[in-house]
Amino acid sequence: MRALLRRLTKIEPAEMRATLWSCAYFFCILCAYYIIRPIRDEAGVAGGIRNLPWLFTGTMVAMLLVNPPFAALVARLPRTRFIPIAYRFFILNLVIFWALFTWLPADSRVWIGRAFYIWTSVFNLFVVSVFWGFMADAFDSAQGKRLFGFIGVGGTLGGIVGSAITASLVTQVGSAGLLLVSAVLLELSVFVVGRLSAIFTTLRATAAERGVAPSHDSNAVIGGGIWDGITHVARSPYLLGISAYMLLYTIGSTFLYFQQAAIVDASRTTPEAQTQLFAQIDLSVNVLTVLVQAFLTARIMMWLGVAGALAIVPAISVMGFLGLGFAPSITMLVAFLVLRRAGNFAVARPSREVLYTVVSREDKFKAKSFIDTFVYRFGDQVGAWANPLLAAFGLGMAGVALVAAPLAGLWLMVGFWLGKRQASLAHAADDGGEQPRPGVVAA
């Protein structure tokens, strides 16, 4: 099995344990999220579809509020302590929501559901951002290109298993009971973090004996201020570029979401047929994602570099939006959705995380957390409110798609520039350059 993995994914023998435990870590947190995701969606519907834009706004505000406390943990505690504290805070929240859903009267659950919707939307982006921050802190740029795609397999499988757990257990334990199942998986991820920290400490000691130790102690306190995540993004062109890449991705995703709703609604099919279509799309995305992550992502980044890998999904988006603009159809929509979502999970996301391997340790957690949470949700807001604004100007479904196409072209250019800049910074580090200072890389 190890020999097969080495041939398929380019994993070196010394990296095997760390990579497999990283897969287990990602599996746990995404399984925990996908268990409660249907509960969040049901709570959003129960609170009224017309109120969903306000829940999106509440999520964006919550993202901004949680970043300073997390930055304070990062500034004062080593990685082996602030990650478990952050995750156990979410575990405590899950237990509180379980108690509220279980014991409070039914007429008060609408507001609890709305709070849970916002909380879950924060939880999802936050725990995943912390995970990838850990990965960028533990692996270097060359390792990230080879390993991040395969590590992503753990998360994809976690999403599949989490969805299956909810589908099979919700009638037995109820929605509230599933919150406790999610909490157990999140606690298991804390255990895995401890194992990974021990493994990386051993690897660092072994590397030190060969005279090739990393330039930082991964267990050292990172330091800095609580607002550094925001200020460092504001003064670093490189971090601003990552923000722009994230923003353009989320705006395009929101446009596509409205395209999907409009085309499916216009199809005049039954609700059952529409549900079946969405299920088939999700299945196709998951299967294609696992195959690409396991066998192709590392090779794509090695063949095309980070710049080429970051440009693949934007290029698909340009062609997809043009196709929807000139010939909107369910077939075109499904093909575009599957390729874009699978490409994002399998190629764009791992490539985007490689970008953080060349920034300072402080920016890997503080600036990254701000970008992955607030900037992400801000893009949702822009896309959500831009769509009805464009409709007010008389642009229909095809017109909106044609507006989205040049934005995807801009997204492609930003990704290509970021990949080239990352390669330059990684090359400078390999040549013995100094450790990047917080917030000034590529300034």
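**Salt bridges, cores and ring pairs**

Modeller: In this predicted model, a salt bridge joins the side chains of D380 and R377, with 2.7 Å from N to O.

Colleague: What makes the meeting of the D380 and R377 side chains a salt bridge?

Modeller: The cut-off is a side-chain nitrogen of Lys or Arg within 4 Å of a carboxyl oxygen of Asp or Glu. The N to O value for D380 and R377 is 2.7 Å, so the pair satisfies that cut-off.

Colleague: Why are D380 and R377 said to be separated by about one helical turn?

Modeller: Because they lie 3 residues apart in helix α12, the separation of D380 and R377 is about one helical turn. Both residues are buried. Elsewhere, salt bridges with shared partners connect R349, E353, K368 and D372 in one network.

Colleague: How many salt bridges does the structure hold?

Modeller: There are 10 salt bridges in the structure. One of them pairs D137 with R79, whose closest N and O atoms are 2.8 Å apart. This pair ties distant parts of the chain together, since D137 belongs to helix α5 (residues 109-138) and R79 to helix α4 (residues 79-103), 58 residues apart.

Colleague: Why is D137 called buried, and what is the relative accessible area of R79?

Modeller: Buried requires under 20% relative accessible area. D137 has 4%, so it is buried; R79 has 0% and therefore is buried too.

Colleague: How do you know that K366 and D228 meet in a salt bridge?

Modeller: Their N to O value is 3.9 Å, and the cut-off is within 4 Å, so the pair counts. K366 lies in helix α12 (residues 361-392) and D228 in helix α7 (residues 228-235), so that distant parts of the chain, 138 residues apart, are linked. K366 and D228 are both buried.

Colleague: Which residues touch the most other members of the largest nonpolar core?

Modeller: Y25, I83, Y87, F131, M135 and I151 do, in a core of 100 residues. Helix α6 (residues 141-209) supplies the largest share of this core, 17 residues. With neighbours within four places in sequence set aside, the contacts of Y25 include I83, Y87, F131, M135 and L196. Another core, of 20 residues, lies apart from it, and among its members are I251, F321, L337 and V400. In soluble globular proteins, nonpolar side chains tend to be buried together.

Colleague: Which residues form a nonpolar patch on the surface?

Modeller: The patch consists of L283, V287, L291, F295 and L296, which together have about 440 Å² of accessible area. V287 is located in helix α9 (residues 271-295).

Colleague: Why does V287 count as partly exposed?

Modeller: The partly exposed class lies between under 20% and over 50%. V287 stands at 45% relative accessibility and therefore counts as partly exposed.

Colleague: What makes the pair of rings W21 and F191 edge-to-face?

Modeller: The whole structure yields 32 aromatic pairs. For W21 and F191, the ring centres are 6.4 Å apart and the planes stand at 65°, so the pair is edge-to-face. The cut-offs are centres within 6.5 Å and planes over 60 degrees apart. Distant parts of the chain are linked here, with W21 in helix α2 (residues 16-46) and F191 in helix α6, 170 residues apart. W21 is partly exposed at 24% relative accessible area, and F191 is partly exposed at 47%.

Colleague: Which residues do ring pairs link into a cluster?

Modeller: The cluster contains F70, F82, F89, F90, F97, F101, F116, W119, F123, F126 and F365.

Colleague: Why is G343 called buried?

Modeller: Its relative accessible area is 13%, which is under 20%, so G343 is buried. G343 is part of helix α11 (residues 330-354). Leaving out residues up to four places away in sequence, G343 touches V313, V338 and A348. The C-alpha atoms of G343 and T297 are 9.7 Å apart, with these positions 46 residues apart along the chain.

Colleague: How many helices and strands does the protein chain have?

Modeller: The protein chain has 13 helices and 0 strands. Of its 443 residues, 53% count as buried. Among contacts between residues at least 6 apart in sequence, 86% join residues at least 24 apart. The accessible surface of the protein chain is about 19000 Å², and carbon and sulfur atoms account for 69% of that surface.

Methods
Residues are numbered from 1 along each chain as its sequence is written. This is a predicted model: local features need pLDDT of at least 70, side-chain atom pairs count only at pLDDT 80 or more; totals for chains, interfaces and linings use all residues. Side-chain values use heavy atoms; hydrogens and water are left out. Helices (H or I, at least four residues) and strands (E, at least two) are DSSP runs, numbered from the N terminus. Buried means under 20% relative accessible area, exposed over 50%, partly exposed in between (1.4 Å probe, protein chains only). A nonpolar core is a set of buried Ala, Val, Leu, Ile, Met, Phe, Trp, Tyr and Cys residues joined through side-chain atoms within 4.5 Å. Contact means heavy atoms within 4.5 Å. Patches are made of residues with over 30% relative accessible area and no salt bridge: like charges are joined within 9 Å, nonpolar side chains (Val, Leu, Ile, Met, Phe, Trp, Tyr) within 5 Å. Accessible areas come from the Shrake-Rupley method with a 1.4 Å probe; for residues, only the protein chains shown count as cover. Rings of Phe, Tyr and Trp (its six-membered ring) pair if their centres lie within 6.5 Å; planes under 30 degrees apart count as stacked, over 60 as edge-to-face and the rest as tilted.
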